[in-house]
Amino acid sequence: MRFHRPRPRWAAAAAAAVLSLAAVLSSQTGAAAQADPEDGGADCAVAPGRPASTALLPDPFTRLDGTRITRTSEWRCRRAEIRELAETAVYGQKPPKPGSVTGTVSRTGITVNVSHQGRSASFTASVDLPGGTGPFPAVVVLGGTGADTATIKSSGAAVINLDPYAIGREGTPRSNKQGAFYTLYGSSSSTGLLMAWSWGVSRVIDVIEQSGGGVLRADATGVTGCSRFGKGAFVAGAFDERVDLTMPIESGTGGVPAFRSAARESGAQPLSSAYSEQPWLGDAFGSYTGNPAALPVDTHQIVAMVAPRGLFIMENPHVDWLGATSGSVAARGGAEVYRALGAGQNISYWSDVQDGTHCASRSEWSGPLRQHIQRFLLGSGSAPGVFRVSPRESGDLSAWRTWQTPTLTDDGTGGGDNGGGDPVGACAADFTAVNTWSGGYQGEVEVRNTSGGALNGWTVTMDLASGQSIASLWNGRHTTGGGTVTVTNTPWNGALAADGTATFGFTATGSAAAPTGIGCSSP
């Protein structure tokens with residue numbers, strides 16, 4: 001029997017949508033749909049076929065039969081198509097929940113025991129609780145490297161330290177993979193380590209759900225990790241809809257960066273290297289390393305698989321090998337699906353950081369990290385919805401697509417509220433640092449109409465760092481109070497058509513720290 005976990009307030013509309021689609025699917029498939037909390041589209045009938053080869057990013061809104069989705073309810077089964085293509089061509093198959101999953105949750109650790117078709121395996125994870133009595137939301141930290149566990153705990157969430165190598169080891173040939181996953185499904189399985197680690201995160205969630213909620217809450221789980229473990233966190237969040245907040249850090253090729261873009265980005269890890277360095281990607285991906293145009297899917301669609309759930313992508317623009325330009329391309333492409341679903345505030349991207357060291361702890365991320373945990377795991381505050389793209393590594397989505405984002409009919413199955421009480425998805429604001437110097441910086445903010453209709457006026461709020469002040473601002477009118485700057489449109493840039501944009505710029509004195517808490521609303 002499947003455990004149907006309650007969802008946080010921000011996701012209530014999305015969860016209700018999944019459960020309300022049975023009648024629709026019954027008319028499509030002739031059978032009542034059975035909701036699966038791990039994969040809400042498991043019952044969707046995926047037609048055979050694959051999209052034509054393209055050097056640009058495939059259209060996330062076009063089905064395999066060539067038609068485009070027009071309603072928010074249709075995204076569920078379109079996501080199922082993307083999932084199958086991604087499993088087949090990129091990661092390998094993620095098996096459904098094994099026949100038996102048991103285990104324990106204590107204040108210090110989790111045990112997981114799995115059995116399937118006569119084979120059994122076990123692994124453990126440690127638990128580090130914040131102050132208080134609980135039960136607590138939790139963030140699964142893969143590999144223990146690069147994650148700001150101090151901020152996670154001080155925000156009120158527990159840290160689950162999971163060793164990915166217990167589930168799928170590195171340093172093994174593809175023909176003899178090792179770890180708990182391969183004990184169950186065979187050492188010659190064509191599934192790569194990233195999907196195996198994703199499967200392990202899902203089994204941890206299974207045990208938390210069975211535990212009764214005395215220590216850890218079953219309805220508030222995040223996942224994070226850096227570098228190779230950032231790749232694993234990205235896949236884990238995309239392929240299990242019970243993950244409420246996905247936070248990949250500096251994931252590099254094989255993680256968030258778009259494959260097609262990374263193959264052309266100077267200095268980025270080549271696809272062939274990401275495939276051969278470790279068996280991270282599925283065996284089938286080897287045939288695409290020299291011809292990414294033939295891939296039936298790309299990572300902007302994997303970003304979209306997370307929608308409308310919380311997603312905070314953190315990238316490092318100082319290490320070329322990590323392909324941050326291609327990461328911004330994928331994030332911007334996936335954000336189009338978030339916006340179409342009315343959940344534009346639920347995705348954030350941040351590559352504008354000062355320190356170049358790989359997997360270092362970064363002060364720029366601590367504030368938004370806390371805000372994401374509070375919103376998506378604790379149900380308080382507002383969704384950040386901020387794009388802080390480094391000018392060093394800023395990709396241009398328009399150069400990678402010919403498709404346009406449709407205005408989807410909201411039939412009650414969109415992404416839910418944006419966390420601030422404003423009209424759902426009315427607008428989004430993305431910040432870009434233009435220049436920095438000793439004693440200040442120049443930035444610009446792009447305002448995008450995400451409402452699906454005409455927008456008549458907008459207001460952007462942003463919080464300045466301590467000691468900062470606005471020196472000048474153009475293409476907007478601003479007021480400042482208590483460190484918060486409120487910017488409203490001018491008479492000439494307040495009217496925005498659907499998906500239309502306006503940009504205002506400013507200079508700030510003080511430190512070079514960029515603003516946080518950027519939000520957008522309309523009258």
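**Exercise 1. Find out whether Gln-117 is buried or exposed, and what its backbone does.**

Step 1: Start with the surface. Gln-117 has a relative accessible area of 74%, so Gln-117 is exposed (buried means under 20% relative accessible area, exposed over 50%, partly exposed in between, with a 1.4 Å probe and protein chains only).

Step 2: A quick word on the source. This is a predicted model, where local features need pLDDT of at least 70, side-chain atom pairs count only at pLDDT 80 or more, and totals for chains, interfaces and linings use all residues. Residues are numbered from 1 along each chain as its sequence is written, and side-chain values use heavy atoms, leaving out hydrogens and water.

Step 3: Now the backbone. Gln-117 isn't a glycine, yet its phi is positive, at about 50°. Most residues other than glycine have a negative phi.

Step 4: Place it. Gln-117 sits in the loop between strand S2 (109–116) and S3 (strands are DSSP runs of E, at least two residues; helices are runs of H or I, at least four; both are numbered from the N terminus).

**Exercise 2. Do the same for Asn-475: where is it, and what is its phi?**

Step 1: Look in the loop between strand S15 (469–474) and strand S16 (477–481); that's where Asn-475 is.

Step 2: Its phi is positive too, about 65°, although Asn-475 is not a glycine.

Step 3: With a relative accessible area of 32%, Asn-475 is partly exposed.

**Exercise 3. Work out which way S1 and S2 run, and how many bridges join them.**

Step 1: Strand S1 (residues 100–105) and S2 run antiparallel, joined by six bridges (two strands pair if DSSP finds at least two bridges between them).

Step 2: Pick a pair: Ser-100 stands opposite Ser-115 in S2.

Step 3: Three residues lie between S1 and S2, and the two strands form a hairpin.

**Exercise 4. Locate the cis peptide bonds before Pro-135 and Pro-308.**

Step 1: Gly-134 to Pro-135 is cis, with omega near 0°. Pro-135 belongs to the loop between strand S3 (119–128) and strand S4 (136–142).

Step 2: Ala-307 and Pro-308 are also joined by a cis bond, with omega about 5°. Pro-308 belongs to the loop between helix H10 (299–306) and strand S8 (310–314).

Step 3: For background, most peptide bonds are trans.

**Exercise 5. Say how many residues the largest nonpolar core has, and which helix gives the most to it.**

Step 1: The count is 93 residues (a nonpolar core is a set of buried Ala, Val, Leu, Ile, Met, Phe, Trp, Tyr and Cys residues joined through side-chain atoms within 4.5 Å).

Step 2: Helix H6 (residues 193–210) gives the most to this core, with eleven residues.
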